[in-house]
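Here's a quick walk through a model, from its surface to its core and its charged pairs. Have a look at the sequence and the fold first.

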Amino acid sequence: MRLRRYSLLRLLILAACAGVLHLAGLRSWLLAIVALVVAAGSAVPEGAGALAVVAGESLLRRSVYQLVAGGCTDVVVIAPSGRGDEFAAEAADATASVIVVAGTGDRQESVRAGLVAVAENQRLREASVVLV
């Protein structure tokens, strides 16, 4: 049986991703839910990408707020190198803890930088779930 391979936690996360279960409902028994937002892409022109404004709000701000509304307790934003302050300002008034780290032009290396930031932070290291 395939279901035996999945732990209860994995099934809950799959249900949350499918929209069957809201992540906020998991907060009561999970320590922390951390989301990584990879916004360090170098393949998009200036003005596009995570800071592009749609309906009066940047895509980065919208992503952070939706993750927080969905139950994430912490968000790690991986920003292009040298633009951390600009990206931090976009999510400054979020109700969750937002950490901005520098990424690279390579998506895998940028995700690795975000995961390293989680591992180096005492509180985040104990997170029950890390969404990438």
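About 7900 Å² of the protein is exposed, and carbon and sulfur atoms supply 56% of that; accessible areas here come from the Shrake-Rupley method with a 1.4 Å probe, and for residues only the protein chains shown count as cover. Of the 132 residues, 35% count as buried. Buried means under 20% relative accessible area, exposed means over 50%, and partly exposed is in between (1.4 Å probe, protein chains only).

Keep in mind that this is a predicted model: local features need a pLDDT of at least 70, side-chain atom pairs count only at pLDDT 80 or more, and totals for chains, interfaces and linings use all residues. Numbering starts from 1 along each chain as its sequence is written, and side-chain values use heavy atoms, with hydrogens and water left out.

So how confident is the predictor? The pLDDT (the predictor's confidence in each residue, from 0 to 100) averages 76 over the protein, with 70% of the residues scoring at least 70. Among the elements, strand β4 (residues 74–79) has the highest mean, 91, and helix α1 (residues 8–17) the lowest, 56. Over residues 1–6 the pLDDT is below 50, and this stretch has 4 contacts beyond near neighbours in sequence; a contact means heavy atoms within 4.5 Å. Where pLDDT is low, the predicted coordinates should not be read in detail.

As for the layout, there are 5 helices and 6 strands, running α-β-β-β-α-β-α-β-α-α-β from the N terminus. These are DSSP runs numbered from the N terminus: helices are H or I with at least four residues, strands are E with at least two. Among contacts between residues at least 6 apart in sequence, 62% join residues at least 24 apart.

Now the inside. The largest nonpolar core has 14 residues, and L60, V64, V75, V77 and F87 have the most contacts inside it. α2 (59–69) and β4 each supply at least two residues of this core. A nonpolar core is a set of buried Ala, Val, Leu, Ile, Met, Phe, Trp, Tyr and Cys residues joined through side-chain atoms within 4.5 Å. Leaving out residues up to four places away in sequence, V64 touches V75, V77, A91, A94 and V98. Another core lies apart from the largest one and has 10 residues, including V34, I78, V101 and A117.

Back on the surface, L115, V130 and V132 make a nonpolar patch of about 250 Å². Patches are made of residues with over 30% relative accessible area and no salt bridge; like charges are joined within 9 Å, nonpolar side chains (Val, Leu, Ile, Met, Phe, Trp, Tyr) within 5 Å. V130 sits in strand β6 (residues 129–131) and is partly exposed at 34%.

Finally, the charges. A salt bridge is a side-chain nitrogen of Lys or Arg within 4 Å of a carboxyl oxygen of Asp or Glu, and the count comes to 5. Among them are these:

| Pair | N to O distance |
|---|---|
| E90 and R61 | 3.7 Å |
| E86 and R83 | 3.0 Å |
| E109 and R112 | 3.4 Å |

E90 lies in helix α3 (residues 84–90) and R61 in helix α2, so their pair ties together parts 29 residues apart in sequence. E109 and R112, by contrast, are 3 residues apart in helix α4 (residues 107–120), separated by about one helical turn. Partly exposed residues here include E86 at 39%, R83 at 24% and R112 at 47%.
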